[in-house]
Every structure is written in structure tokens, then in C-alpha cells.
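Reader: I should be grateful for a close look at the nonpolar interior of this chain, set in the context of the whole fold.

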Amino acid sequence: MHILHVVGARPNFMKAAPVMRALSLLPGVRQTLVHTGQHYDANMSDVFFQELEIPAPDVNMQVGSGSHAQQTAEIMTRFEPVVLEHKPDLVLVYGDVNSTVAALLVCSKLLVRVGHVEAGLRSFDRTMPEEVNRLVTDQLSDLLFTPSEDGNRNLAREGIDASKVHLVGNVMIDTLIRMLPRAAERLQSWLPDRFALVTLHRPSNVDDLPWLVQMLETLQQIGRDVMVVFPVHPRTRQRLAEAGVNRFAANHLRLLDPLPYLDFLALQTRATLVITDSGGVQEESTYLGIPCLTVRENTERPITVDMGTNILVGRDLGRVRSEFESIVSGHPKGGARPPLWDGKAAGRIAQIVCGKC
Ligand code: UD1
């Protein structure tokens, strides 16, 4: 069986790595890896391949940045001949990025079967580009692998045949569990005992400059109590430059370049709390039991709120401050690990894929 994987953006890499590894253990499986090049900076892409020991891509389409239409169209145009040449039996796509939906559309028209890893997540907010990508990808996929029960419920509500849907658990947590021992070796000598780890990159947060400035002011205030460590996504870096970043950088607010996986995980395991708008960080902090404040009105990962340590603070900086106070005064929300977030999700996917060989 020939399986072709499509990855393109940073959060895809930690999801594809364990699935490729699990499939490589099965006889009769040949794998091809296609990198769309949606993310291209070394610290957004190459370093993840090295640390996660992902084989070099067989094809790198180097699409780069652009508007959503440009990026999606460019991926489709360059991916169609790749599929025609490689003739895979199944294409696996990951998450909710533009690369995912673009590859799915190409395969659907060529009648090539697609499996979607991380299916069924819904924020119910169609102003998010990722939500559009999720809806389209799930409607057209042949195999849907969900990380939690809420995903199965969402897909059933949208009329997707239950026979295509498999609850497998969370592949991102597979990678986290595998990498934890190595992350523990990444000591950051400059880190104090207590610090807040911040990531912000959603367009709804960082493309709104007055709001971005208000968030930075709040982070500065928090920085007077505990150090704030903020690895800055390229999109956010561009916006901060427009907002006059130098007004904010200070000893107690450390603005860093995007970090490699192991360094970021090392910080996450030791953080007093995380403040984020990322999907993956909501999940990782729930697994690690680290308090998480999510600066969004909604989440496609409600299990991290219902079961885990995540609190949706919305666009309310007063709430950020008050939840921060609760955490640093020793009264965090607490939480538990969701079922099947056990390091074995990719193995389940491999078994199901090969059962359909
Ligand atoms: C994308 C995903 C988002 C995911 C995020 C993780 C979509 C719609 N969004 O958002 O779901 O959470 O990746 O990082 O697919 N840039 C660089 N270097 C890079 C990559 C991007 O400088 O290596 C800059 C580009 O100039 C671009 C901006 O960052 O303008 C945003 O990149 P883009 O791929 O459009 O989306 P992300 O915001 O990264």
C-alpha cells in the first residue's frame, strides 16, 4: 500500500511524525512525504524535521505565503501533478491548515482516497479560516480520525457516515510523550522558577493592532509579577513591528524567535501558566496539567476546557489578570487527561489504515 502524507505548516509536523513512524513498522507499506512549503522559515519547519526525526520530504512544493486564495490555489496547482505521478492508494492530511484543505480538494477531484487526522474539531466560528478548512476537509474525507468524542458527535451532526469515523486519540500527544525525556535535557539557565509562557498568532488577535497593543500592555503588567516568555510567530512579529515592538520588549517580557519543538516543550513543562490562542498548546498544557488561559471567544477543543486545565478568557483582559492572580496565588483550575491521549493514537491509525489495505 502506498500512502502519501501532506504537511505544510508547523502544527502538521508533530502530527505526521508519529503516524509515519507507526506505518513504517507495518509490512507492505510504502510512504511518500510531500511538504507544501506553506511554512518555510528554518525555525518554523526544518528544525521540526530534525528534532522529530521526520524523513526529508520526497517533494517540497515551496509555495510560501500569500492570501488564502493564492496559497490554497498554488498548493492545488502544484500538488495535482504530484498525485498523478505518485499514484498513492491513500493520502493522509493533518489538522486544519490551508495545505490540508488544498490537498483534500485535489484528491477528491482525482478520486484518490483521503484520511483526515484530527477530524471533527469545531469552533462553530466560520470567521476562522481554519474552521472553513475543517468543515470542507471532513465532508470530503474517506477516513476520519478523531482525537475525542466531541469530534464524533460533530461529524454525526453533519451527516457523516459513522463507518468512516474512528476515535483514535490525539497524535500530537503521541509526539509529546515520546519527546518529553529529551525536552527535560533542555535546561534554560536564565529561566526563573515562575514564568508565564505566551504564544499568540491567530489573525483575530494579532491582525487587530489596537487589541494587540492592549494585550502586550497586559503582558507587561503580568511581567511585573512573573517573567513573561513569548516566542513570537512570524505573523505576530510582522504585526508587532507595525505596532512599534520596541515599546514592549523588556527584561521581564522576553520576546523570542519561534522556538524548536524541544525547547518549547521544555518551557511548557516548567511554566507557571501558558497564555495562548494556539490549538496545540491548549491540548499540550491539558496533558501536562499546566494552567492555560486561551485568549479566544471559542475553542474547537472543548475537552481541554471540560476536562483539562484550559480556561477560555475571551477578549477580556480583566479576566486574564484575574485568572492569572488565581493561578499565581496557588488556586489554579486543575484538570485531568482526556481518554486515549496516551501516546498510542498513531498506532491505532496505522492499524485502521492497513485494515483497509
Ligand atoms: C497557519 C495556519 C494555522 C496554524 C499556524 C501555525 C492556515 C489557514 N493557518 O497560520 O491554522 O495554527 O499556521 O503556525 O493554514 N511566515 C513566515 N515564515 C514562515 C511561515 C509564515 O514569515 O515560515 C509569515 C508569512 O509572511 C505569512 C504569515 O507568517 O504572511 C502567516 O503565515 P500563514 O501560513 O499564512 O498562516 P499562519 O498565520 O502561520
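How many helices and strands does the chain have, and which residues of the largest nonpolar core touch the most other members?

Author: The model is a predicted one, and in it the chain has 15 helices and 13 strands. For 357 residues, a compact globule would have a radius of gyration near 21 Å; the chain has 20 Å and therefore agrees with that expectation. Along the principal axes, the C-alpha atoms fill a box of roughly 55 × 40 × 40 Å. Of the 357 residues, 59% are buried. Among contacts with a separation of 6 or more, 71% join residues 24 or more positions apart.

The largest nonpolar core comprises 44 residues, and Leu23, Leu52, Phe145 and Tyr261 are those that touch the most other members. Elements that give two or more residues to this core include the strands β1 (2–7), β4 (90–94) and β6 (143–146), together with the helices α2 (46–51), α7 (171–184), α11 (261–270) and α15 (345–355). The most is given by α1, with eight residues; this helix spans 10–24.

Leu52 merits particular attention. Beyond its neighbours within four places in sequence, Leu52 is in contact with Phe13, Met14, Ala17 and Arg21, as well as with Thr175, Arg178, Met179 and Tyr261. Apart from the largest core lies another, of 29 residues, which includes Leu212, Val228, Leu253 and Ile311.

As for the exterior, the accessible surface of the chain comes to about 14200 Å², and carbon and sulfur atoms account for 52% of that area.

Technical notes
Residues numbered from 1 in each chain as written. Predicted model: local features only at pLDDT ≥ 70, side-chain atom pairs only at ≥ 80, totals over all residues. Heavy atoms only, no water. Helix = DSSP H or I, 4+ residues; strand = E, 2+ residues; numbered from the N terminus. Rg over C-alpha atoms; globule rule 2.2 N^0.38 Å. Buried < 20%, exposed > 50% of the residue type's maximum accessible area, 1.4 Å probe, protein only. Contact = heavy atoms within 4.5 Å. Areas by Shrake-Rupley, 256 points an atom, 1.4 Å probe, with all protein chains shown as cover. Core = buried A, V, L, I, M, F, W, Y, C linked by side-chain atoms within 4.5 Å.
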